[in-house]
There are 2 protein chains.
Amino acid sequence: MPSLRLALAQVNPCVGDFPGNARIVLEHCRAAHAAGADVVAFPEMVIAGYPIEDLALRKSFQRAAERAVQEVASSLAADGMGDMTVILGTLGVAGDGRPVNQAAVIEAGEVVARYTKHHLPNYGVFDERRIFAPGDETCVVEARGRRLGIVICEDIWQDGGPVSRMVAADVQVLVVINGSPFEEGKGHIRHELAARRAREVSAPVAYVNLWGGQDDLVFDGQSFVVGADGALLASAPAFADALLLWDVPGDHEAPSPSAIFPPLSTDAEVYGACVTGLRDYVRKNGMSKVVLGLSGGIDSALAATIAADALGGENVVGVSLPSRYSSDHSKDDAAVLAANLGADYRVIAIEPFVSAFEATLTFDKGRRLDGVPAENLQARVRAIILMAISNSEGPLLLATGNKSELATGYTTIYGDAAGGFAPLKDLDKTRVWDLARWRNADAASRGKTPPIPPSSIEKPPSAELRPNQVDQDSLPPYDLLDEVLDSYVEHAEGRAELLARGFDEAVVDRVLSLTDRAEWKRRQYPPGPKVTALAFGRDRRLPITSRWREKVEL
Amino acid sequence: MPSLRLALAQVNPCVGDFPGNARIVLEHCRAAHAAGADVVAFPEMVIAGYPIEDLALRKSFQRAAERAVQEVASSLAADGMGDMTVILGTLGVAGDGRPVNQAAVIEAGEVVARYTKHHLPNYGVFDERRIFAPGDETCVVEARGRRLGIVICEDIWQDGGPVSRMVAADVQVLVVINGSPFEEGKGHIRHELAARRAREVSAPVAYVNLWGGQDDLVFDGQSFVVGADGALLASAPAFADALLLWDVPGDHEAPSPSAIFPPLSTDAEVYGACVTGLRDYVRKNGMSKVVLGLSGGIDSALAATIAADALGGENVVGVSLPSRYSSDHSKDDAAVLAANLGADYRVIAIEPFVSAFEATLTFDKGRRLDGVPAENLQARVRAIILMAISNSEGPLLLATGNKSELATGYTTIYGDAAGGFAPLKDLDKTRVWDLARWRNADAASRGKTPPIPPSSIEKPPSAELRPNQVDQDSLPPYDLLDEVLDSYVEHAEGRAELLARGFDEAVVDRVLSLTDRAEWKRRQYPPGPKVTALAFGRDRRLPITSRWREKVEL
């Protein structure tokens, strides 16, 4: 039997953009056809975008998805690509009228087979039992005499189900179409999983994944092929369009390795996820520019650098908003950063506005504004100014808070928490520093100017909301804080487990209490890209109203 | 066989408050025992509170729930109530370690039976497939020779499953323990459903429900008993503690009707839900006071009245924040309202702050602040002042927006959208007027002063952010807008269905477009009580980033 050329089309669709997504599919089909592909596979839900959430339940949306699939099929035939087998993800409708997560197989201008995802993830960020009915049949199609099994994403993450039934189906390739969101280190897990399934079905596994940002999720692509023995044979880059070609070997031929992209470092990968998440949030929502406050600190510096990498420095409005407490070096660092990025830099002193409020407002027993409320006021005056720029000129306001601040509530709601997108939302403070250092080093290694002023990285972090304030007045040291948060939030360990690991009891109780009490603030925080195993947001659903405190259990 | 006295304990637990919830259970057991009850049933998850969301997944939380059940069992025996059968809802753990939604049956100081909920709702506001494993066994216990079947909430909403298996189990009473959130008109649906199940199993159905607020949900109680023929035999009030006693008839006795509470009017019921939701959000989160801006308009007037009914007028800080555009009658109406409610009333003019920003800020091409951005600024200055009061004195800030505004994005983010709770979040503008009129008429019928100034109800609604502005400059008339929103949002109809109902095409397209584009603002809006079949929030999960527009389909 001759070999069969398989193309995996790693693309970036947009939720609800049926014409645009169909166009992306056709373009990649043309490229695959020109490259001599016999079969081209697109990711999960490529026609509708992913995840579509409750849009799945709308009849009008379901009809539009089916129409787009039919139009793709017709166009393929009309454009002379009817001889190629096209596998793509779409929203289907089951016999009982319920929506399903489906793979459609197109040949000669028609949908010749459909497969419905069996295993519907309903944990973490996923709600697929809410919107989809599960399938219960397997799908095997033939192309050039080869038997291709088709499954969708979660189907390979669960034992049993359609993959185990592929053994009896005697498939020569298992094609897995995916919408698998990025998490650090997940690429390795996917390779191991695919290798296990390949050995299980005694056939190569071809894994094609979406890439691009969708609200709080980022899809990384990194499509790949493993052989029947589990060895990696081909792979595509992260966060980019790709058409990965791989030839299923002919009879008695050895499998032919194709291009293998070296995996990125963790820093590069996480940074790339933040850039992609920000870029796609801005562009897919029809905008092109962002605005943010530049304090001279590390968070706004990293956020601005990510924004400049995503959109171009000329599309970043960086505003220094100094108060009476801002140090000169902070203002200098902000200016240098803006110059390095080529950003639109402005300086607006907040002192007159803050003074006006402080001089006028009185509270019970004639008290004046002071303490934390006075600090909050400064942050809110800054938000008013930044939102005035956003509303007057159109750029999206970025919130620059990091995950450590979001966890502990070390943020002013309607102040520095204001914004439409939060690029650092899932980066703890320790990682913010790591990524800043990595970004500077990466620039240096490419002979470019490191964008982030070293003093923004080196100086003790401070909100500069009162004289000589540093974050560590209010919080445990960040290296310790982030370790405790990693255990409590990301690994969902309880107080008993944290104490057993040797963390100081007072620190644990303080961090857990701060985290539990800040839930109400997190609910009003903007979306930002998930890059860890457990991000705040729909990944971690907790009541605001709760008297549960881990401390209760002693 | 002699009769058996059944008590349904309608109570208001708090999520995570195991000691407090156990105390509530024991208190109601004592009252039931004193009233001669043989069996007392408590609502779903009464020990843990409901819904607990991802807290269910924590081992420490699971252990605390089991410990609380064991302590209740021991206390019952120690207090001489070991002869009574107690049925209560709790968080259990299945053999494989997964959490389950469970009913525990306690007799003589021990848990003698456990039932695991079969049907796990995973639609609307519910995520139970995410956190619970389903059960597959039925539960029948005997008390005084009677066979009682036990099921949990969703089990009676789905055909098949444990209820259908009760027929063969020959039960004499079906006890249903519930955590069924309020929606207008749901009481009637519950009665019909229970009647159908009663006829199915040929036995009376005893339905006990939670009451109280939990974030965006309100449980209304309204527990009841229907006979084997479906007739209503006993019922408890809405939004209140109750111990509903009902005697299962002895052999050859006719069923004895007990107290039947007349159902509330829809207005009274919805108003009660808003009061309960607000009161419990404030109190269960450890606060006692609220603050809000009083514009003289109908929304802030109704919100303040709800707050005064929930917490007492003396716990409401009402702040008039007039601008250069505020009319004298608006200021007068705010003062009259505050006096009627006995609120802490303050006046703080925003003009100096607004002028300071307007005089200083410039934008691209030297433009000054004007148009919608200038309107937004006023709303944000108000939010700064209200948050300064909240931060300095402790009251929770209420956002006073209604559902029509939230749908169309007719609200300023970080301005009037600021707040920790939004009591009108699920009331459209038409209903805001209805409830204001109802509340005034109800006061009059009780010989009290109607709290809301008639001119707040009668005048054309205006944000008063520019001269002579009225809402209808920017939005369709509210009666029309609310009808379109009712179809599109609450009944999830598509554009085609709306046009088929005869709505004007231009109006439909404008309202749908406004609604779709405001999703990002809704994500940052505070929680508020769900009172309709479909509220914004976790009840309606849509992507922010979406190019889907109903208009595409023509």
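Colleague: Let's start with strand β1 (residues 4–10) of chain A: in which sense do this strand and β14(A) pair, and over how many bridges?

Modeller: Keep in mind that this is a predicted model. Look at L4(A) to get your bearings: its bridge partner in β14(A) is V248(A). β1(A) and β14(A) pair in the antiparallel sense, and the number of bridges is seven.

Colleague: Sticking with strand β14 (residues 242–248) of chain A, which side chains point to one face and are buried?

Modeller: The side chains alternate along this strand. L243(A), L245(A) and D247(A) point to the other face and are not buried, where buried means under 20% relative accessible area. That leaves the buried face to A242(A), L244(A), W246(A) and V248(A).

Colleague: Over in chain B, which residue in the turn between β4(B) and β5(B) has a positive phi?

Modeller: Strand β4 (residues 99–107) and strand β5 (residues 110–116) of chain B run antiparallel, joined by six bridges, and V105(B) stands opposite A113(B). The two strands form a hairpin with two residues between them. The one with a positive phi, about 50 degrees, is A108(B).

Colleague: Now the two chains together: what kind of axis relates the copies?

Modeller: Chain B superposes on chain A after a rotation of 180 degrees with 0.0 Å of shift along the axis, and the RMSD is 0.0 Å. The copies are thus related as by a two-fold rotation axis.

Colleague: And which residue of chain B has the C-alpha nearest the axis?

Modeller: Follow the axis and look for the C-alpha 2.0 Å from it. In chain B, that one belongs to Q524(B).

Colleague: How much area do chain B and chain A bury between them?

Modeller: The contact takes 78 residues from chain B and 78 residues from chain A. T545(B), R547(B) and W548(B) lose the most area on the chain B side, together 11% of what that side buries. Of the total for both chains, 55% is on carbon and sulfur atoms, and that total is about 7,000 Å².

Colleague: How many salt bridges are there between chain B and chain A?

Modeller: One to find is R58(A) with E550(B), whose side chains meet at 3.6 Å, N to O. That fits the cut-off for a salt bridge, which is within 4 Å. The count between the two chains is six.

Colleague: Which element gives the most to the side of chain B that touches chain A?

Modeller: Several helices give two or more residues to that side, including α2 (59–78), α7 (266–284) and α11 (371–393) of chain B. With 13 residues, the one that gives the most is α11(B).

Notes. Residues are numbered from 1 along each chain as its sequence is written. Chains are lettered from A and ligands numbered from 1 in the order in which they are written. This is a predicted model: local features need pLDDT of at least 70, side-chain atom pairs count only at pLDDT 80 or more; totals for chains, interfaces and linings use all residues. Side-chain values use heavy atoms; hydrogens and water are left out. Copies are superposed by least squares on the C-alpha atoms of residues with pLDDT of at least 70 in both. Two strands pair if DSSP finds at least two bridges between them. Helices (H or I, at least four residues) and strands (E, at least two) are DSSP runs, numbered from the N terminus. Buried means under 20% relative accessible area, exposed over 50%, partly exposed in between (1.4 Å probe, protein chains only). Contact means heavy atoms within 4.5 Å. Buried area is the accessible area (1.4 Å probe) that two parts lose on being put together, summed over both.
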